[in-house]
Amino acid sequence: MSGPAAVECRGVCKIFNQGKPNQVDALIDVDLTVEAGEFVSLIGPSGCGKSTLLRVVADLLPPSGGSIAVNGKTARQARLDFDYGMAFQQAGLFEWRKVIKNIELPMELRGWDRSKRSARSREMLELVKLPEFGDNYPWELSGGMQQRIAIARALAVDPPLLLMDEPFGALDEMTREHMQAELTRICASTHKTVVFVTHSIPEAVYLSNRVVVMSPRPGRITTVINVDLGERSEDTREDGEFFKKITEVREALRGGELGATARGIEDR
């Protein structure tokens with residue numbers, strides 16, 4: 001018998017400033033299941049609620065309605081149990097702490113002893129291929145290297161789930177592609193479940209088993225596209241199936257925008 005889904009959202013809604021003149025309906029009736037071991041990307045126009053959904057799953061924002069389970073637990077309990085790691089667009093490293101001490105932070109919060117923290121941090125540096133930079137400060141590293149350290153920190157306590165909110169959005173195109181390849185390598189070696197927010201269609205297709213397309217606000221899931229491109233490599237980016245999936249996601253996004261426009265006309 002298989003275990004619980006990594007993420008289970010049922011009828012999730014998020015309304016900001018409810019009942020006030022500046023009320024914002026960010027998410028409406030979101031149903032989403034992410035199975036263990038999947039890589040699922042959320043994509044949609046700016047302001048559609050992608051990041052809001054990720055934060056609701058992470059228990060950083062309370063939902064206004066619906067239910068959320070993470071590894072069979074409430075979102076709050078999963079957060080308290082360190083069942084997920086999180087990476088943001090900015091690496092969010094502490095500039096006054098050396099790289100290895102940044103990676104150790106979640107282990108410190110869990111009360112790991114010093115020798116265990118040190119060994120695990122060195123292991124994580126090997127995983128992200130930066131073993132020689134443990135004693136550097138973050139400001140001495142490039143943007144791409146800092147993001148790799150942020151990923152190492154997110155994985156330090158070995159959570160089954162990784163939540164990523166546009167972690168490569170601020171990088172140049174070549175560094176971004178390199179980081180995508182690094183992430184697929186890391187996921188293959190650690191077998192993590194990943195929920196990944198992005199604005200980039202090629203990035204979503206390259207990384208994912210499934211691409212979840214969301215409508216303009218209020219955010220709804222309009223389409224879920226399966227992506228079966230096998231093991232990813234640089235050759236994947238030149239594959240005809242890769243371009244077909246990019247087109248499929250692009251057309252789904254356009255369909256969602258047209259649907260939102262039509263709903264707006266009907267509402268008037």
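User: What makes the contact of Arg 117 and Glu 104 a salt bridge?

Analyst: A salt bridge is a side-chain nitrogen of Lys or Arg within 4 Å of a carboxyl oxygen of Asp or Glu. In this predicted model, side-chain atom pairs count only at pLDDT 80 or more, local features need at least 70, and totals for chains, interfaces and linings use all residues. Residues are numbered from 1 along each chain as its sequence is written, and side-chain values use heavy atoms, without hydrogens and water. Arg 117 and Glu 104 meet at 3.3 Å, N to O, so the pair fits the rule.

User: How many salt bridges does this rule give?

Analyst: The count is 18.

User: Why is Lys 192 called buried?

Analyst: Buried means under 20% relative accessible area, exposed over 50%, and partly exposed in between (1.4 Å probe, protein chains only). Lys 192 has 8%, and therefore counts as buried.

User: Why is Asp 158, the salt-bridge partner of Lys 192, called partly exposed?

Analyst: Its relative accessible area is 48%, so Asp 158 is classed as partly exposed. The closest N and O atoms of Lys 192 and Asp 158 are 2.4 Å apart.

User: How are Glu 8 and Arg 10 classed, buried or partly exposed?

Analyst: Glu 8, at 24%, is partly exposed. Arg 10, at 38%, is partly exposed. Their side chains form a salt bridge at 2.5 Å, N to O.

User: What makes E7 and E8 a strand pair?

Analyst: Strands are DSSP runs (E, at least two residues), numbered from the N terminus, and two strands pair if DSSP finds at least two bridges between them. E7 (residues 161–165) and E8 (residues 193–197) have five bridges, in the parallel sense, so they pair.

How values were computed
Helices (H or I, at least four residues) and strands (E, at least two) are DSSP runs, numbered from the N terminus.
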